[in-house]
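User: I'm new to this one and would like to learn how to read the spaces inside a protein. Could you walk me through it?

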Amino acid sequence: MSVEGKTAVITGSNSGIGLGIAEELAKLGANVVLNSFTDRDEDHALAEKISAATGTQARYIQADLSKADQSRALIEKAGQVDILINNAGIQHVAPIDEFPVEKWDMIMAIMLNSVFHTTAAALPMMRQAGWGRVINISSAHGLTASPFKSAYVSAKHGVVGMTKVVALETAQEPITANAICPGYVMTPLVESQIPDTMKKYDMDRETVIKEVMLQRQPSKEFATTEQLGGVAAFLCSDAAAQITGTTISVDGGWTAL
Ligand code: NAD
């Protein structure tokens, strides 16, 4: 079994890791559904570009995953979901006693509640098809903590717990559920932070990357979106059929510290 001909829904995939995973799965023959909360021409153009490059079917479906009904509607509109990649995410950094309640609620809604809603809507489709893969993009922060990231760390730990429950509920079916826990990944957003950080600390690019951004990543290298796509494809392969309810760290040794 490979991803060829399967339909993969990747939430939060008009940029960064989600887009990278979609591109990798499409290269391997999967039909992909891209998603975000916007509905711009450029969002749909991303799907057209993937279709043109790979010959597979790529679609863009707008859905605001901070909303329960839209999270479920995304899956219904996709029509068939063989591979569900819950990836959408945001961040807010503040001490707990100053953490804005609306930011907490928004992070929980997008990064934890939506995983419940999309999974609940997709599992019947996987059961009907007799095969399925749920892949949740958690984080090294799903296994460890950092100060000032209470909502993010809580949501990412919650996603790991949710992954285990889905795995147990589907254990005797040809469906698996796993979480990928990336450390720092090179995305356009991360790249865009480098110039400001260089100015702030009066450091060159290499020092900023190794000493500031990758301070907790022992390899001193970013993971790439291509690598995450490769790990997702592996989790869809026959070799991974008995891997379920666990986490795969892609963090250059961060969680070994
Ligand atoms: P990103 O900002 O490029 O991507 C986040 C995606 O989520 C975007 O497509 C965005 O439009 C979407 N999104 C945000 N709010 C949404 C909403 N309400 N409804 C639908 N979509 C919404 O960031 P990224 O780095 O690619 O992050 C992707 C995932 O990987 C996140 O869950 C993040 O926590 C996780 N992650 C990232 C890193 C990293 O170093 N970049 C490390 C570990 C985990």
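Analyst: Let's go through the ligand, then the pocket, then the cavity. Keep in mind that this is a predicted model.

User: Where do I start with the ligand; which residues come nearest to the ligand?

Analyst: Start with the shell, meaning residues with a heavy atom within 4 Å of the ligand. Here there are 28 residues around the ligand, and N14, S15, S36, N87 and Y152 come nearest.

User: What is the make-up of that shell, by nonpolar, polar and charged residues?

Analyst: Sorting by class gives a quick feel for the surroundings. In this shell you'll find 14 polar residues, 12 nonpolar ones and two charged ones. As for where they sit in the fold, α1 (16-27), β2 (31-36) and α5 (150-169) each give the shell at least two residues.

User: How do I spot polar contacts, and which residues have a polar atom close to an oxygen atom of the ligand?

Analyst: Look for pairs of N or O atoms within 3.5 Å. S36 uses its side chain: one of its polar atoms is 2.6 Å from a ligand oxygen. With I17 the backbone does the job, as a polar atom there lies 2.7 Å from an oxygen of the ligand. G12 also uses a polar backbone atom, at 3.1 Å from a ligand oxygen.

User: How much of the ligand does the protein bury?

Analyst: For burial, you take the area of the ligand alone and ask what share the protein covers. On its own the ligand exposes 820 Å², and 88% of that is buried by the protein.

User: And which space does the ligand take?

Analyst: A pocket is an open space, while a cavity is one that a probe can't get out of. The ligand takes up the space of the largest pocket, which holds about 1,600 Å³. The pocket is lined by 50 residues, and I90, Q91, Y152, L189 and V190 are the closest to its centre.

User: Which element gives the largest share of the pocket lining?

Analyst: That's α6, with seven residues. Other elements that supply at least two residues each include α4 (101-129) and α7 (205-213). By class, the pocket lining has 24 nonpolar, 21 polar and five charged residues.

User: How many cavities of 30 Å³ or more are there?

Analyst: The count is one. The largest cavity has a volume of about 60 Å³. Its lining includes T11, N86, N87, I137 and K156. α4 brings the largest share, four residues, and α5 is also among the elements giving at least two. By class, the cavity lining has six nonpolar, four polar and one charged.

How values were computed. Residues numbered from 1 in each chain as written. Predicted model: local features only at pLDDT ≥ 70, side-chain atom pairs only at ≥ 80, totals over all residues. Heavy atoms only, no water. Polar contact = N/O pair within 3.5 Å; in protein donor to acceptor, adjacent residues only side chain to side chain. Areas by Shrake-Rupley, 256 points an atom, 1.4 Å probe, with all protein chains shown as cover. 1 Å grid on protein atoms, 1.4 Å probe; cavity = no way out; pocket = protein on both sides within 12 Å on 5 of 7 lines; lining within 4 Å. Sits in = over half its atoms within 2 Å of the grid points. Nonpolar A, V, L, I, M, F, W, Y, C, P; charged D, E, K, R; others polar. Points joined across faces, edges and corners; volume = space filled by probe spheres on them.
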